Amino acid sequence: GMLTIVMIGCSTINEELETSKNYCPKCKSKSVAKIEYGLIDIGKISPDLQEKVRKKEVILGGCLVYPQKYHCNDCGHKW
């Protein structure tokens, strides 16, 4: 379908989509992972985090911290 932008005060629906973690603002996929930054010792990851990485709910972002918090598992877009 077509995305309709509705002006509400100073913000738009499109801006809300940009910050949504529920689906990708680029391709609208609902397969989205949270990016966890920081140096992680692979041998010491908690079982809970291991499971989230396996399910692609979380991806490991590495040492350098970027402003993007989410990653689309389908198109690779980060926001």
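How many aromatic pairs does the structure hold? The structure, a predicted model, holds 2 aromatic pairs. One of them joins Tyr 70 and Trp 79, whose ring centres are 5.9 Å apart. The planes of these two rings meet at 40 degrees, and the pair is described as tilted. Tyr 70 is buried, at a relative accessible area of 15%, and Trp 79 is buried as well, at 11%.

Tyr 70 and Trp 79 also belong to the largest nonpolar core, which has 5 residues. The other members are Cys 24, Val 32 and Cys 72. In soluble globular proteins, nonpolar side chains tend to be buried together. Within this core, Cys 24 has a relative accessibility of 0%, and Cys 72 likewise has 0%. Setting aside neighbours within four places in sequence, Cys 72 touches Cys 24, Cys 27, Ser 29, Ser 31, His 77 and Trp 79.

With cysteines in contact, disulfides are the next topic. A disulfide is a covalent bond between the sulfur atoms of two cysteines. The structure holds 0 disulfides. Why is Cys 72 not bonded to Cys 27? The sulfur of Cys 27 is the closest cysteine sulfur to that of Cys 72, but the distance is 3.7 Å, too far for a bond. For Cys 24, the closest cysteine sulfur is in Cys 75, at 3.8 Å, and this too is too far for a bond. The cut-off for a disulfide is 2.5 Å between the sulfur atoms.

Two loops each contain a lysine with a positive phi. Lys 28 lies in the loop between helix 1 (13-18) and strand 3 (32-37). Its phi is near 70 degrees, a positive value in a residue other than glycine. Lys 28 is partly exposed, with 38% relative accessibility. Lys 56 sits in the loop that runs between helix 2 (47-54) and strand 4 (58-62). The phi of Lys 56 is positive, at about 60 degrees, although the residue is not a glycine. Lys 56 is partly exposed, at 49% relative accessible area.

The last topic is confidence. The protein chain has a mean pLDDT of 80, and 73% of its residues reach 70 or more. Where in the protein chain is confidence lowest, and where is it highest? The lowest mean, 41, is in strand 2 (residues 11-12), while strand 5 (residues 70-72) has the highest, 95. Across residues 7-19 the pLDDT is below 50, and this stretch has 17 contacts in the model beyond near neighbours in sequence. Tyr 70 and Cys 72, both in the largest nonpolar core, fall within the residues of strand 5.

Methods: Residues are numbered from 1 along each chain as its sequence is written. Side-chain values use heavy atoms; hydrogens and water are left out. A nonpolar core is a set of buried Ala, Val, Leu, Ile, Met, Phe, Trp, Tyr and Cys residues joined through side-chain atoms within 4.5 Å. Buried means under 20% relative accessible area, exposed over 50%, partly exposed in between (1.4 Å probe, protein chains only). Contact means heavy atoms within 4.5 Å. Rings of Phe, Tyr and Trp (its six-membered ring) pair if their centres lie within 6.5 Å; planes under 30 degrees apart count as stacked, over 60 as edge-to-face and the rest as tilted. pLDDT is the predictor's confidence in each residue, from 0 to 100. Helices (H or I, at least four residues) and strands (E, at least two) are DSSP runs, numbered from the N terminus.
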